[in-house]
Every structure is written in structure tokens, then in C-alpha cells.
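Reader: I would like to go through this model with you and ask, for each label you attach to it, what grounds there are for using it.

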Amino acid sequence: MTSAQRLCLISSVGGSYTASTDCLATEIVHTRSHTRRALAVALGIAFASATAPLLVSAQGPRERTMFVSAVDQKGEPVEGLGPNDFVIREDGAAREVLRVSRANEPIDIAILVDDSAASDALIPRVREGLRAFIARMSRGNQISIVGLADRPTILANYTANTKLLQDAIGLLWPRTRAGSTFMDALYEVSLGLEKRETPRAVIIPVITDGGDFAYRQYEQVMPEVRKAGAAIHAVTVGDFNSIDHEELRNRARVLAQGTKDTGGQRVNLLTPMAVQPSLERLARELSSQYKVVYGRPDSLIPPEKIEVSARRPELTMRGTLERGTGTTK
């Protein structure tokens, strides 16, 4: 006799059932009452009917959502893609892409600007680039601007008000004898984003290759970025060759590894002249993202690594899970 045959119902309250290890089949065999036997059979049928949908549901896939950028070799967004164009893997296992649509969900965008003493040539180009970026991205999204000189300083809190954002841009000036605190700002901005519920979040550092005088290290910063569910899209100006100090090594790891791991990117520029077109291109990418829904088996252990790629080799894809549970409703 199987263990399943030994289970019997002992109570039913509000549609929930409790199983007993007493053997229902044995009781039916030994009972002399036709009424009891009929009742037991009826209860068995009711139990099977009630639990069948639950068993099917448990075996079905759980849906998760990613917001994915798809760009060509020039970094420009590619339109018109469908489920067959995306490949999603969790810890190396391929998942079925169920639905693809245009992403219309709002974005929290934190812009971190290096306004340290090393930013003399950068700031005028950043002002130009941010004006165009905000003109495109402020509608439907919330944008904040944070200065990095000496300590992270909020110049504009999250808002869609273009006047407030333009006023904040006017406050960007190189701070004499001030160093950048990029890593501290990344940490603090991530903590703030954890308290917000917007489906998408992006952190955009615009920094030079001057020194970084932050106290936070990579191992402190990146867990908070991941908790915030934010993608780092970094625009860097300079060669960034020096990693002589611990602070510079931490920054280098974020720019090389952290950007990729969060579903973002690093755009490295040799001259500040390219800042404005780079920000404009990033605005086009973020406003053209796909919402990709895929299925995955139920599991108590979440995947450690989620990757998205294109079936077409000429396309580049990068994506970030929907913030929160990552599941559709």
C-alpha cells in the first residue's frame, strides 16, 4: 500500500483540508455501513477535485519580467523584436520567453555628476547633455541630480519638474580643491532607491578620471545597488589607467564589473565633447526598452545569475529584472 493510499481526510474548514496518517482505505474495508462507505468515497472525490488545480498550479511556470535594451552595432535601439529574438538564461538554464512588448513603466533616474576640481572641461559639456537628456526623459519619469564634490549633495530630488531640474543643472560648477566621492554617492543613492517602488531604476554616473575620495568599498556598495534593482549606465571621460590606490580599484571594479552585472553599461570617452551625444543616445535606449516576460519553474532557491542575449549576433542586449518581486501580476 502506498503512502498516498494511507492518507485520509479528517476535517474540512473553509475549503482547506487536513490529512491524517490513518488509513482511509482500511476504514472503508472494515466498515459495515454503506452510508459511511459512500461518504468516504464522496469526500475522496471532493478532495481530489479541490486539490487538482493546486497541483497543476504548483507545476506551472512562474512569470518574471525583465526590462531589456536591444541595440545595434552603433548603439542605437532596434525596434520590432518578438519573443523569438530574446534568449534568457538563469544559471545557464534557458527559459521560455512568453511575451514581449514595449516598456512603458516609469523609471527612477539618478544622475551622479562629477563636479570635483578635475571636472573643469567636463562640466560645460555635462550641462549641455543633461538639458537634452532631461527634455526627453522627464515625461513620465522621476529624475534626481547629485553632485559628487567633497560629499554626495542632492541638487534636485526625484522630480519630473523640468524647471527644478534645469535649476539644478545651473548649480553644477567645478569645486576648487574638492575631490569626487563617487562610491559614497552610489551607496547612498541605492539606499534611497530601495525605499521607492518604481518598476525601473537607473543610476547614471558622469565622471572624470580624477581621484575618488570615498569611504565605501566595492563589497559594501554593490549589494545595495542590487537590492535597489538599479542598472548602472556610466559615462566616463579619460583614460582611467591609474589604480594605485584602493579607492581607485574599487571604482574600477564598479565601472568594469558592476555596470555589466546590473544590466547597464560603461561608455568610456576620451574627450568631454562626446558627452552630449552619449547622453542623447542613452536617452533613446532607455525610452525604447522592451518588457520581456518569461517563465521559470517554482524554486525555493533564486537563481544567482540571469542573462539576456540576442539570437542575432549583430545585436547587443542588456536587461534588469523588474524591481520588487520581478513577477508579473
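Reader: What makes you describe the 6 strands as an open sheet, and in which order do they run?

Author: In this predicted model, the strands follow the order β13-β4-β5-β12-β3-β14, with antiparallel pairing. The sheet is open because β13 (306-310) and β14 stand at its edges with a single partner strand each, which leaves one side of each without a neighbour in the sheet. From one strand to the next, the twist averages 35°.

Reader: How do you know that β3 and β14 pair?

Author: Two strands count as paired if there are at least two bridges between them, and strand β3 (residues 62-71) and β14 share 6 bridges in the antiparallel sense, so the condition is met. Valine 68, for instance, has glycine 319 in β14 as its bridge partner.

Reader: Why is arginine 318 called buried?

Author: Buried means under 20% relative accessible area, and arginine 318 has 15%, so the label applies. The residue lies in strand β14 (residues 316-321), and beyond its neighbours within four places in sequence its contacts include Phe67, Val68, Ser69, His233 and Val308.

Reader: What makes the approach of arginine 318 to glutamate 285 a polar contact?

Author: The limit for such a pair of N or O atoms is 3.5 Å, and the side chains of arginine 318 and glutamate 285 come to 3.0 Å, so the distance falls within that limit. The side chain of arginine 318 is also joined to that of glutamine 265, by a polar contact of 3.1 Å.

Reader: Glutamate 285 belongs to α8; how do you know that the buried residues of α8 line one face?

Author: The buried residues of α8 are Val275, Ser278, Leu279, Leu282, Ala283, Glu285 and Leu286. Seen down the helix axis, they fall within an arc of 160°, so they line one face of α8. As background, an α-helix has 3.6 residues a turn, so residues three or four places apart point the same way. Helix α8 (residues 275-286) itself has 12 residues and reaches 16 Å from its first C-alpha to its last, close to the 16 Å expected.

Reader: Why is glutamate 105 counted as buried or exposed, given that it lies in a loop?

Author: Glutamate 105 lies in the loop between β5 (93-102) and β6, but the label rests on accessibility, and at 17% glutamate 105 counts as buried, because the cut-off is under 20%. Not counting residues up to four places away in sequence, glutamate 105 touches Phe67, Asn141, Pro199, Arg200 and Lys291. Its side chain and that of lysine 291 are joined by a polar contact of 2.8 Å, while proline 199, 94 residues apart from glutamate 105 in sequence, is 6.4 Å apart in space, C-alpha to C-alpha.

Reader: What makes you say that strand β7 is mostly covered, and with which strand does β7 pair?

Author: In strand β7 (residues 142-147), 5 of the 6 residues are buried. Strand β6 (residues 107-113) pairs with β7 in the parallel sense over 6 bridges, and leucine 112 has valine 146 in β7 as its bridge partner.

Reader: Which residues is tryptophan 173 in contact with, leaving aside its neighbours within four places in sequence?

Author: Tryptophan 173, in the loop between α4 (162-170) and α5 (182-194), is in contact with Asp115, Ile123 and Arg127. Its side chain also reaches the backbone oxygen of glycine 170 at 3.1 Å.

Notes: Residues numbered from 1 in each chain as written. Predicted model: local features only at pLDDT ≥ 70, side-chain atom pairs only at ≥ 80, totals over all residues. Heavy atoms only, no water. Helix = DSSP H or I, 4+ residues; strand = E, 2+ residues; numbered from the N terminus. Buried < 20%, exposed > 50% of the residue type's maximum accessible area, 1.4 Å probe, protein only. Polar contact = N/O pair within 3.5 Å; in protein donor to acceptor, adjacent residues only side chain to side chain. Contact = heavy atoms within 4.5 Å. Axes fitted to C-alpha atoms, helices over the stretch in contact; angles between N-to-C directions. Expected span 1.5 Å × (residues − 1). Arc of directions from axis to C-beta.
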